[in-house]
Protein chains: 2
Amino acid sequence: MTCNVPFDLLEAFMTDAFKAIGVPEEEAKTCANVLVMSDKRGIDSHGVGRLKPIYYDRIIKQKIQQPVTQFEIVRDMAATAVVDGHHGMGMVIGKRCMEMAIEKAHTYGLGMVVARNSTHYGFAAYYPIMACNAGMIGLTGTNARPSIAPTFGVENMLGTNPLVFGMPTDEGFPFTNDYATSIIQRGKIEQYEREGKDCPPGLVIGRDGKTKTDSAQILKELVSGEAALTPIGGIGEETGGYKGYGFATVVELLSAALQQGKFLSALSGIDESGKPQPYGLGHFFMAINIEHFCDLAAFKKTAGDILRELRASQKAPGADRIYTCGEKEHLAWLERQDKGAPIDEALQKQLIQIRDEQNLTRYRFPFEA
Amino acid sequence: MTCNVPFDLLEAFMTDAFKAIGVPEEEAKTCANVLVMSDKRGIDSHGVGRLKPIYYDRIIKQKIQQPVTQFEIVRDMAATAVVDGHHGMGMVIGKRCMEMAIEKAHTYGLGMVVARNSTHYGFAAYYPIMACNAGMIGLTGTNARPSIAPTFGVENMLGTNPLVFGMPTDEGFPFTNDYATSIIQRGKIEQYEREGKDCPPGLVIGRDGKTKTDSAQILKELVSGEAALTPIGGIGEETGGYKGYGFATVVELLSAALQQGKFLSALSGIDESGKPQPYGLGHFFMAINIEHFCDLAAFKKTAGDILRELRASQKAPGADRIYTCGEKEHLAWLERQDKGAPIDEALQKQLIQIRDEQNLTRYRFPFEA
């Protein structure tokens with residue numbers, strides 16, 4: 001049975017789990033904080049559920065990720081820098097890169113840092129929100145394992161490549177447009193499968209160029225490469241699929257070309273002999289210092305006014321409300337803050353396994369009778 | 001009958017037409033160049049076809065745009081600046097803003113300039129292409145007259161708000177993702193109407209929350225506000241409409257809040273008494289100096305490699321080729337360079353009218369018998 005677990009407990013446990021497998025204490029805290037923040041925002045796909053498959057297993061089983069992050073600044077200019085993460089912890093690399101971008105933006109008004117040889121950095125909005133907390137606009141993007149087919153193509157080529165802005169407002173939470181440039185992601189298809197539902201047409205394309213809707217079959221074929229995600233806008237050009245494909249390509253270019261790293265099919269995480277290899281992801285981070293343009297409070301007010309005007313506009317019949325980006329994540333936090341994160345049985349087993357393997361004996365979870 | 005007109009003739013004529021209504025010579029050249037570049041790229045919706053309705057009429061008939069541009073630098077910091085265009089020529093404002101951003105990026109690696117009280121600046125990719133020609137990445141966006149409805153809404157609130165990156169490559173043309181954040185724009189619906197075709201479902205929403213497909217009716221109702229464009233991703237959330245809506249909102253925020261200008265419904269171009277008033281558009285321009293990150297030739301090679309790998313990936317059955325952003329515009333140029341721009345009869349009449357009204361007697365067009 002799914003059980004709610006307090007966020008503090010999850011964060012402390014993840015910190016100790018990261019420490020147990022060699023991540024230095026401060027960096028373990030960063031990694032755990034990035035993951036738990038995703039759970040707090042209701043984005044379960046990028047939270048504690050990834051502790052075992054994406055971090056723990058890759059570090060101690062597949063050995064394709066380094067627990068100690070060598071954060072090498074390859075080039076440091078006025079408002080810009082290039083970093084090599086040497087396959088360390090993506091969240092540590094991401095946080096330090098955004099800190100650098102913010103520091104540069106304090107001085108010059110703008111800062112931009114790109115990273116090579118990184119690993120999965122968690123939910124992307126974490127880094128723009130850092131900028132928002134510093135009174136700045138933040139921007140980030142990352143490439144990822146190939147999964148989106150180009151318009152008129154059927155092969156999974158581009159990552160789900162998010163292009164995420166964070167902007168401070170006078171409301172209780174920032175604007176953050178954190179989503180894949182595909183229509184759907186694997187996690188949502190898994191949810192359809194659990195609910196016994198088909199995937200809506202147009203979201204997944206097969207090698208025959210036709211849409212696939214059988215959720216269980218799609219999940220297998222996304223792995224084998226027989227199916228690929230479609231970009232925002234869907235299959236073909238008529239409904240604007242080339243626009244989502246264009247944004248995914250923007251992110252691929254910004255993530256790889258400025259840092260001269262790997263891209264597209266080279267990001268499969270598999271070497272020529274079929275063995276796991278470091279992903280070698282690339283990210284970019286930008287901070288825009290609002291006070292170099294205008295008064296920060298005035299910016300926040302105008303941004304809030306824009307979002308409020310959108311939400312107050314006429315609703316479609318049957319629609320309760322109009323949302324703006326980041327609002328659902330804020331509502332999830334309000335709903336979850338006293339309850340904690342819902343942990344399903346599969347995830348409960350993973351947490352117990354890590355606890356037992358690493359002898360973190362002081363942890364008892366509420367789902368343990 | 002549609003007639004091809006050489007680009008040089010169009011550019012010279014537009015320059016003289018702008019001069020005739022008070023635009024200073026160098027600025028008239030800029031305006032004409034922005035418009036003709038769009039025709040050269042095959043984007044007829046933003047070229048000479050806009051000379052009369054969007055510029056000529058607004059300057060001398062509606063008197064909501066100033067032919068002489070007062071380009072006031074309101075704030076100039078290290079890598080950033082804020083400009084007030086005082087309702088002058090959008091292309092002049094846009095070009096000077098991007099020149100400033102490029103100059104700042106020469107020094108600091110990054111530059112960003114935002115403009116208030118501007119007017120329609122032509123096709124957006126013009127400015128990122130300036131950055132590409134300087135060995136930089138360019139980014140621009142602009143707000144516009146409200147036409148997109150938010151997800152779960154039916155009211156036209158957001159402009160078609162493009163978010164346009166330009167990146168240099170080792171191919172004969174840059175990457176440019178220049179498109180609206182709606183699925184379709186008015187110009188394409190006009191084309192459907194001329195061809196006697198319905199608009200595909202999902203691209204336009206009515207006040208009843210249902211899609212509209214009758215092209216002639218849509219064109220009327222987009223004006224009356226009974227219909228609105230849907231964001232990339234379409235109606236509702238299931239096919240990712242909130243993602244296109246999110247990008248449109250990003251552009252609205254970046255265009256208005258940093259320069260403390262007008263936004264959303266205030267950009268209708270109509271005052272409270274129903275009379276035309278200056279639009280007061282906002283734009284943003286950014287330049288990213290590639291050589292502050294890596295070797296320019298290496299960047300261009302990697303960018304080209306990414307685009308070539310995408311184009312070489314497996315095509316859907318029946319698909320001839322896979323395109324990358326900016327490629328179709330380049331192909332249009334190759335096809336048009338010796339022929340000129342196709343000018344239809346309605347546009348021929350507009351050009352003759354301007355010529356005669358302004359006594360530009362030395363111009364004879366090939367469509368005049």
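What follows is a chat between a trainee and a mentor about a predicted model with chains A and B.

Trainee: Before we start, what kind of model is this, and how are residues numbered?

Mentor: This is a predicted model, in which local features need pLDDT of at least 70 and side-chain atom pairs count only at pLDDT 80 or more, while totals for chains, interfaces and linings use all residues. Residues are numbered from 1 along each chain as its sequence is written, and chains are lettered from A and ligands numbered from 1 in the order in which they are written.

Trainee: OK, how many helices and strands does chain A have?

Mentor: Chain A has 11 helices and 11 strands, where helices (H or I, at least four residues) and strands (E, at least two) are DSSP runs numbered from the N terminus.

Trainee: And how compact is chain A?

Mentor: Its radius of gyration is 21 Å, close to the 21 Å that the globule rule gives for 369 residues, so chain A is as compact as a globular protein of that length; the radius is taken over C-alpha atoms, and the rule is 2.2 Å times the number of residues to the power 0.38. Of the 369 residues of chain A, 56% count as buried, meaning that 20 or more other C-beta atoms, placed from the backbone, lie within 10 Å of the residue's own, whereas 12 or fewer would make it exposed and anything in between partly exposed.

Trainee: Switching to the pair, how is chain A laid on chain B?

Mentor: A turn of 180 degrees with a shift of 0.0 Å along the axis lays chain A on chain B with an RMSD of 0.0 Å, the copies being superposed by least squares on the C-alpha atoms of residues with pLDDT of at least 70 in both. The two copies are thus related as by a two-fold rotation axis, and in chain A the C-alpha nearest that axis belongs to A:Gly233, 2.3 Å from it.

Trainee: How many residues does each chain put into the contact?

Mentor: Chain A gives 72 residues and chain B gives 72 residues, with two residues taken as in contact if their C-beta atoms, placed from the backbone, lie within 7 Å.

Trainee: Which element of chain A gives the most there?

Mentor: That is H8(A), with nine residues on the side of chain A that touches chain B. By class, that side has 41 nonpolar, 22 polar and nine charged residues, where Ala, Val, Leu, Ile, Met, Phe, Trp, Tyr, Cys and Pro count as nonpolar, Asp, Glu, Lys and Arg as charged, and the others, Gly among them, as polar.

Trainee: Which residues does A:Gly244 touch?

Mentor: A:Gly244, found in helix H8 of chain A, touches A:Thr181, A:Pro231, A:Ile232, A:Gly233 and B:Ile232, not counting residues up to four places away in sequence. The C-alpha atoms of A:Gly244 and A:Thr181 are separated by 5.8 Å, although these residues are 63 residues apart along the chain.

Trainee: Is A:Gly244 buried or exposed?

Mentor: A:Gly244 is buried, with 30 other C-beta atoms within 10 Å.

Trainee: Last topic, what is the phi of A:His87?

Mentor: Phi of A:His87 is near 60 degrees, a positive value in a residue other than glycine. Most residues other than glycine have a negative phi. A:His87 is found in the loop between S3 and helix H4 (90-108) of chain A, and with 21 C-beta neighbours inside 10 Å it counts as buried.
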